[in-house]
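Welcome! Here is a short briefing on how some helices pack together and where open space is left.

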Amino acid sequence: MSYFFAKNIYKVWETVTVDFSIECEKGTMTCLLGPSGSGKSTILNIIAGLEKNDNSKLMIELDGRRIEKLAPYMREVGMVFQSGALFNHMDIVHNVAYGLISKKMKKRDAIGRASDFLKEFNLEGFDKRMPQTLSGGERQRVALARTIITKPKLVLLDEPFSALDADLRKNLAEKLCQWQKQFDFTAIMVTHDEAEAKTVADNIVRLEGQISQKS
């Protein structure tokens, strides 16, 4: 039995129809590869509960539990956006601690854990920095830390490195592979960059329906 599956993801626009299903094994990284406008981000948003499916046949199961009718915060799904989507009014340690505090961890404990966790992402000493002072690569590392610290069962990554230059993208893609092994999370990542997909993915799913496996 698959660790995660989503069936009958369906969305219609004027010129595009997405009719999509996906299965993932535990601990794997699956990349959705396709051009801009092909519906990749919409697929992630529907899985996360941030966007409505266009039919009533949607089924999403994660670790043996049906989640398609649950509110986003109850799905145990984390998401990293292209922009990072950090809270600009909070310093870095409070950004990373936010999810823990939302889960009712005592604020002092959450802040301490977040401060320690930053070290795993080469962000030691960044606790009091503000998001506006960070480089693009630093912002994305904070966004990854903020998501992973809550131990979601599934991590969704929506073109997290696409705004970065080529060398930094390659470096962070390689580090993402290391972090996935270290923290043992299952992930689906959207990209339009085939080289990036081949760097990080166990499986590559093309929206045309072709599936290729990493050798």
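In this predicted model, the axes of helices α2 and α4 come within 7 Å and cross at roughly 30 degrees. An angle under 35 degrees counts as roughly parallel, so α2 and α4 are roughly parallel to each other. Helix α4 also packs with α5, and α2 and α4 both help to line the largest pocket.

**Where α2 meets α4**
- The crossing of these two helices, α2 and α4, is right-handed.
- On the α2 side, I92, N95 and V96 make the contact, and they meet V142, A145 and R146 of α4.
- Sorted by class, this contact of α2 with α4 has four nonpolar residues, one polar and one charged.

**Where α4 meets α5**
- Helix α4 covers residues 136-148 and helix α5 residues 166-183; their axes come within 12 Å and cross at roughly 15 degrees.
- The two helices α4 and α5 are therefore roughly parallel to each other, and α4 passes α5 in a right-handed crossing.
- From α4, the residues G137, R141, L144 and I148 meet L168, L172, L176, W179 and F183 of α5.
- Seven nonpolar residues, one polar and one charged make up this contact of α4 with α5.

**The largest pocket**
- The largest pocket holds about 760 Å³ of space.
- Its lining has 20 residues, and the closest to the pocket centre are Y73, V77, G78, M79 and G99.
- The elements giving two or more residues to the lining are β6 (77-80), α2 (92-102) and α4.
- Eleven of the lining residues are nonpolar, five are polar and four are charged.

Definitions and conventions: Residues are numbered from 1 along each chain as its sequence is written. This is a predicted model: local features need pLDDT of at least 70, side-chain atom pairs count only at pLDDT 80 or more; totals for chains, interfaces and linings use all residues. Side-chain values use heavy atoms; hydrogens and water are left out. Axes are lines fitted to C-alpha atoms, for helices over the stretch in contact, and angles run from 0 to 180 degrees between N-to-C directions. Helices (H or I, at least four residues) and strands (E, at least two) are DSSP runs, numbered from the N terminus. Angles under 35 degrees count as roughly parallel, over 145 as roughly antiparallel, 65 to 115 as roughly perpendicular and the rest as oblique. A crossing is left-handed if the near helix is turned anticlockwise from the far one by less than a right angle, and right-handed if clockwise. Contact means heavy atoms within 4.5 Å. Ala, Val, Leu, Ile, Met, Phe, Trp, Tyr, Cys and Pro count as nonpolar, Asp, Glu, Lys and Arg as charged, and the others, Gly among them, as polar. On a 1 Å grid over the protein atoms alone, a cavity is a set of points where a 1.4 Å probe fits but cannot get out, and a pocket is an open set with protein on both sides within 12 Å along at least five of seven lines; lining residues have an atom within 4 Å of a point. Grid points are joined across faces, edges and corners, and a volume is the space filled by probe spheres set on the points.
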